[in-house]
Structure formats: structure tokens, C-alpha cells
Amino acid sequence: MCTCLHCESNIVEESVFCPFCGEPTGLCPERSDYEYEAFISYRHLPLSSKVARRMQHDIEGFRIPRELRGEDGKVRLGRLFRDEDELPASTSLSDQIREALARSRFLIVVCTPETRESRWVEREIELFASLHGRDNILVALAEGERSKCLPDVLLYRKVVTANGSVVSEPTEPLAADFRVSSRKSRCDETLRIVAALLGCGFDDLRQRERARRNAFAAKVAIGVTLAITAFLGTALHQQGRIIGQKQQIIDQQEELLGKERELQVNQSRYLAKEADELLAQGDRTQAVQVALAALPQSSTSADRPYVPEARAALERAVRTFPTEDGWYPSFSRGEGAVVDVATCDSLGRYAVLDSMGRLRVYSIDDGKVMDDIDLADVLGDDISPSGAEAWMLDNGAVVVRKDNEVLCVGQGQAEGDSGIAWSFDCDADGLYVNCVDVSEDGSAIALSGSSTEWADDPDFIEKAWIKLLDPRTGEVTGSFDLAEGQDVSNAEAIRLDRTGGWAFVAFGQDAYIIDVESKAVAKAKLANPGCEGVTWTGNRVVVATQDFSQPSPVPYAIQCFDTKGTEVWRTEGGISPMSSNGVAYDGTAGLWARLKGLGDHGECLVASLGGRLVTLDLQDGSQQAVATIDSPIVACQVLDEGDCQRLNVCLASGTLMYLTSDEDGVASGSSIDASVGNVKHASFLRTNDVTYLVAKSSLDESGNDKVSVWELSSTGHLREGADDGSAWSRPADGPEIEESLTKTVARLKDVRLAMQVPESTSAVVQSEGHLLLIDTETGDTLARSLGVYEEAHGCGFAEDGKTFYVQVPIVDDYKGRSCLYVFDLTCGTLAPQSVIPFGVMVSEDGGKVLLDDGSTLRAPTWVMDYPTLDELLERGRELCQGFELSPDEREALFVEAT
């Protein structure tokens, strides 16, 4: 950086001009070679983008009048740079913008009220002005008043007065007004910009352009007159041919309509696949949006054809039916680098703190923003992922810790009531915070750390301390100074019990157990210096430690202490840092959720020991193996479900598991690869009888952590039991052939199913695995399925004859459950409009589905409503409420699909 000799402003060393006063700096020569006629600077919002695109198109297509062409004889102006078209994907974005500005003769700034908020637009203006001066900056006013749209660097210019002082004076950069709505006025404003680029007068250019247009219109008028004369001369001779041409036109229109319909069908099929891919990536909201765009507005709407694949994609996105593997994505967040995530079961919310100091609170069931707080002024806008933590309380407040400061924000959640409720700064007291914990019931906050006191001699004394805070006010409710001389540099953990009545803190191998009410402090000795997990169980605390300074296998110990610091039991062993498949286990002697009444034991703890998932009896610490895992456990949850318990587990590899325990132990369950990347932090939530997982992980090559939300499918929304069966259409197990089908079936191979469509001459036949719709009178195949359904063993029709279904077993499912494929015969294709896991049959009115539990294939257990198309569309729109696609975004989807 250097200083302008005229206005004393700070400027970069390669500046040719001062961007603030416009005077030459004398530091660098002005550039003479240019690649672009102008650089268009704008904020990437719909209106600004639209004006920028239209202006680029009009200026680049402008034909220079002959009298104004230079010596080079150029007929058109040069190219304009607009980053959406010119800028390739690159990690050095700022360098390419800088190069484009340097190689542009003019800068055109598209201004709206939002432009003043853009730091990037302001930086582009300052950089251009420093390279080419302020006189080559033009303004395109797109919306709002001039004084409220232009950045300050364009509204004011620094001037040196006679007495040598520097003042800011208003400036009037050349501005074209694109707020006009008529095409003529917009063309005039474009000419105003072109005149500045050509260096000629606006009125002169407008008169020349008007004369050119008039001359062109006269030529067109003469040509039209001659054409009309010729047409009238031959009209009598053409009358006989017109009738035939009219029919030809009708045929062509019908052909065009058919091609348009085919195009729309292909678009919808493409969008259905896109919706499934988005859902697999965890972006549920956008998956619903894309699936909705692929369907007509209603069942009676003719805006686009109905495509069964699109309905099936929407059903999967809105989760109409249970899933086969248990877990499925809900949605994901990628606003920026995520620092930490906090959750609250009772409110059904989660909070995300990003590296820019932004704290957003979301609803867990639909992902809508409940609160949005900018903490950059307090926390800064460059928080590292390891530099801050967050906890969420049951009153909606979020406790945030960065370095030595702890603050509470968003308390109350009433409109206008968000912001900082209180702040506790340890720097003011000369304290350094190591660890923070919030009690499970949110009634207490515990801080542990160290302080330094200087003695009379050059030595100093380090002290370990613990402070308890009231989450509502931030006031200190308890303070404990531990023994002097304690090695406080390696504070490992602090953990409150559920109500905040007891606190545990570990410093290396020394641990302290504190009675918050009586302020009694008991000391305990840990087996290893590395504390990996702490869990309170009643009036006992269980601690897992490891010593990574030792060679493999790394020693671990799990110890149980009473509140007086007495060791009740201990279990020890060694963990290999690498599993058999090469996965590193860094700190996996972790303690997690509690189980009750498992096997021959009473209460147990779930622990991860290297590649093993085990339970620990709380009475004696004995171990019982549960499952083998391929990576460290990040989160674990236990749910009581009547006579059994379900254990939900998230591994660092992104695998989600759920295991079921009964009186004989933990039975094998299911697991899927959730593809959420390298999971660094995760929390399970149980709200409104629905289980969610909120995971913080690296999802892309940028290395920035993102947040994804997964939901565990539940049968809680299914109604138990069924009626006497009179309302159900029974499936046929094999060929049910009428006389008219005999010849048709005889010429086909490997016929497994054959059923006549009610009140129709057509039939559905399965031949060599494919489903065929056949005209039994002519023998013609009317439609053929793309999918193969070799294992199909049941077929039925709804009473209207428009819907039929095929029952296919899930071959890989050890329980032998079924899938129900539902087809709509009215859409002219044999693509399934629904794929229902566990489906057995549909009701004759098509309004309900029977599902089985896998115990007996033909013993339906649940009844579920089967939504109509209109009900399904409405459900999808409710999920996307507040996130609807704009008309431009919807059109862009169709363009991409085409």
C-alpha cells in the first residue's frame, strides 16, 4: 500500500490513478491494450442479472454508423465482460476478475438499492478506477433513486481545496436510466451508454440511429408493397391450393403439438431423475421443487403431460411411504464453512454457526429459518472450525463460546427479541478457558480453565479453576479454585450431570468431582492422560481414557468413580490404531448412550473400543460385544420401544446404523452409507416421535464443513388393522386367462401373469419379465415396460380399471417383504407411478394401501392412505412453502432438461 500525493488516500502500489480523487499517481503507466470494450459490474440478483444480460446483448449487437467508424473500420463494438459468461470455474476467482478489469476500457455499474450492500461491486469499482481513472466509469440505473443506489465511491470524489485540505464533493457520473418499461426508452438509454463508449454525442448518435431505422423501415415497406402486389396478382390462381394447404397446416400443428408433448415428457423424466439425485445428496427441499416442476399443476391441468416417473419421484421426496433401509435424507445446508452445530430435542430445532460469524436457527422437520443472527461484530468473520463451540437451550437460546468469551444469543425467540442476551469475557479477569459444558436440562453452564499469577520472583503460578454460570443471566453461581501447581495446559474435559448438580473435570491424569451445592471437591486419579469420554449415571461418573504416547496397541481404560472420587471398577485393554481394512481409529475409546435391562445385565453403557461396539455393565464394568464397526463412532442414541430398545449409531465414515436389543442381547439390524462425507460432529434428535440426525461433515472438495439432516423412517403414521377385505381388490397369483386371451398368451414366452383389464379389450401380461399391455382383439402390443419384474407374483386392478398394481418380493430382504408397483393405464406408458415398500394390495377405490410387516407375506398389518395426485401436489407445495421456484428458475429447469 502507498499514499496518494493529492488526497492522501491509501491506494495499492500498482495504481495508475487514485480511485478516490481520480488524479494520476505516476506510479505505473496507463494500459494501451484492451481485450474488452467494457466490464459489467453488478450484484447477482434477478433484476441486476437481467439488466446486465440485456445490456450486454444490445451493446455487443449494436452496428456502428458508417460516419462514426474509426480508421480500423470496425462495424461493431468489442466484447463486454460479464462474469456469468466469461469467467471459467477456477479457485483463483479474484485474480481473473482483476485481469478482466485491467483489460477493459470502460466499467459499467448496474445499480439497484441492493448494490450499495455489495462489497464485491465496490471493490471492482475501486480497482477499475485505480487502473483506468474515474472518467471511464458509467452507471446503468436499474431500480430505485440515484442517491440510494450508487455506491459512495461513485457519489463522491475527494478534492483538494485551495488551503490544502481534502474534502468530498458530490459527483455526477454518466448514468443511463433503465428503470423505463418501454422498449423505445430502453433503446435510447442503451444508445446513451454506446455514445460514451464511442466518444460521440448522444443526440448525434440518436439522430443517426433514427435515420438508419427510418431508411430500413422504408426499404421494408417497399418490399412489403411489392410482395402484396405479387400476391394479389396470383391470389385467384392459389385459391384451389389454399384448402389443401390449410389441412396441411393443421397436420403440421398436430405434429408440432405431438413433438412438444414428447419434449415435455422427456423433460419430466429427466427432472424426475434429477429429483432422485438431489434427494440422495440430502437436498430434500430442492428435490421436491424439481419433482413438482415435472408434474402438471393439477390432475385436470393441461400445462404439461402427466408422467408416472415424476409422481414416483415426488412420492419419494415427500416420503409418502416407509423406506426399505430406514434412514433417508431430509435436507442439507451449505451457506458457508460450518464451525459448529447445536440441537434441542424439546423445540425440534438446530442451530448452525458458520465461519463468518452467522448464527442461524432452523426447524428440524422442514429446515425453515427460525432465527438469523449476525455475530460478526462480536466473534469476527474469520472463525476457524476449531475456534468456537455452540450449545442450544430448551428456551431457544444458543450459548456460543469463542476463545475466552462465552455469550448467550437468540433468547426468547419472539419477533425482534433475538440478539445477545449476556456475555461473559474471561479475558477481563485474566482467565483462560479450556473446556465448556452445558447440563442436559439446560440449567447450568460449566467452564474450566487456568489462570496465571506472578509471584515476587520471576516465577509465576498457574492455577486450575471451574466456574458455573446461570444460562438465563450469565451470572457466576459457583467458582472453584483447584490446587496450585496443577498442570493446567492439558485440560481434557468438563462434564455436568443431567441437572447440573455435579461437575467432573480432568487435567491430564488428575480429575476433580465437585458437588455444586455443597462446594465439596473430591480428587480422583485417571489411568491415562487422554480423556476420550465422560458420562454421568446417577451418582457415579464413568470415564474413558487413552495414552497415545504409548506404542500400538494404545492402552485404554474405562473407570467408574463415586462422588467421593473412589474407583468402583475398572476395565482395561489395548486398541490398535488401524482396523483390518486400514481405517484409522483416533481416540475411539468413547462412551455413549445408556441401555437398560440388556441380556443378563442391568443398566449398561454403550462404548466404542476400536473396531468393536460393546456394552459395559454399570455394576462391574464387564463387557458384552454388540457389533463390529468400520470407523469411529460420532454419535449414538438409545430409544425405548416397548419390550425392546433401538440403538442408533452414526460412524465417522458416514455409515448410519440401527440395532435392536431384546432380552437376549442386541440383535443384528441395518446400516446404510449415508454419503455425508467425513463426519466430524453429529447429534440425534427425537421430536414429535420422529428421530433425526444432524451431521457436520466435509461434503465437497473445498474442505469446508456442511450440515446434513437425516430422518429415520417410522411406521408411526400408519393405521393398524384392516377391514373385512370387502373393499380390497385381491391380486391374482398366476395367469387368469379369458377366452380372448388364449391365442395371445399362446404365442408369448414365459407368461407369469395375464389379466383382462376390466370393461376393456386389452389385457396386462407379464412375458419374459416385462409387463405388456396387449389388445386381445388384434394381438397388438400397446405398451411395454422398461423395467423387468421377473419375480412378480400378484396383479390386481382398481375398480375403475385405470390403475393396476403388481406385487414383487424384495429379493435381498431377509424378511421376504414385498414391493408394490402401481401403474396408471391412462398415461399411455407402463412406467410405475408409485413404488411402495412392504405393499401388498390397494383398495378398489384406490384410496388406501395394505402393507405387511414381513412376518407373514399375506397377513397385512398396516393400512396407509394412498394420496391422489392433487393431494400429493399439495403436500409437496406445503413442504416447499417459502422456497418456491420463481418463473425464471422454473424455466431454467426446463431448459436444462431439454
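**View 1. Confidence in the predicted model.** This is a predicted model, and the average pLDDT of the protein is 78. Of the residues, 82% score at least 70. Residues 715-722 have a pLDDT below 50; in the model this stretch has 17 contacts beyond near neighbours in sequence. The pLDDT is also under 50 over residues 855-859. For residues 855-859, the model has 12 contacts beyond four places in sequence.

**View 2. Helix α10 and its surroundings.** Helix α10 covers residues 308-318. Because 9 of its 11 residues are buried, the helix is largely enclosed by the rest of the structure. The buried residues are Pro308, Ala310, Arg311, Ala312, Ala313, Leu314, Glu315, Ala317 and Val318. In an α-helix there are 3.6 residues a turn, so residues three or four places apart point the same way. Arg319, just after α10, has a positive phi of about 60°.

**View 3. Gln833 in contact with residues of α10.** Gln833 lies in strand β50, which spans residues 832-837. Its relative accessible area is 5%, so Gln833 counts as buried, the limit being under 20%. Neighbours within four places in sequence left aside, Gln833 is in contact with Pro308, Arg311, Ala312 and Glu315, among others. These four residues are among the buried residues of α10. Gln833 also contacts Tyr306, Val822, Asp824 and Tyr866.

**View 4. The hairpin of β39 and β40.** Strand β39 runs over residues 678-687 and strand β40 over residues 690-698. Their pairing is antiparallel, with 9 bridges. One position to look for is Ser683, which stands opposite Val694 in β40. Between the two strands of the hairpin there are 2 residues. Asn688, in the turn, has a positive phi of about 55°.

**View 5. An open sheet of 4 strands.** The strands follow the order β27-β28-β29-β30, and their pairing is antiparallel. Strands of a sheet pair through backbone hydrogen bonds. At the edges are β27 (530-537) and β30 (567-575), each of which pairs on one side only. On average, neighbouring strands of this sheet are turned by 15° against each other, direction ignored.

**View 6. The pairing of β27 with β28.** Strand β28 covers residues 540-546 and pairs with β27 in the antiparallel sense. The two strands are joined over 7 bridges. Gly533 has Ala544 in β28 as its bridge partner. In a regular strand, side chains alternate between the two faces of the sheet.

Key
Residues numbered from 1 in each chain as written. Predicted model: local features only at pLDDT ≥ 70, side-chain atom pairs only at ≥ 80, totals over all residues. Heavy atoms only, no water. pLDDT = per-residue confidence, 0-100. Contact = heavy atoms within 4.5 Å. Buried < 20%, exposed > 50% of the residue type's maximum accessible area, 1.4 Å probe, protein only. Pairing = 2+ DSSP bridges. Axes fitted to C-alpha atoms, helices over the stretch in contact; angles between N-to-C directions.
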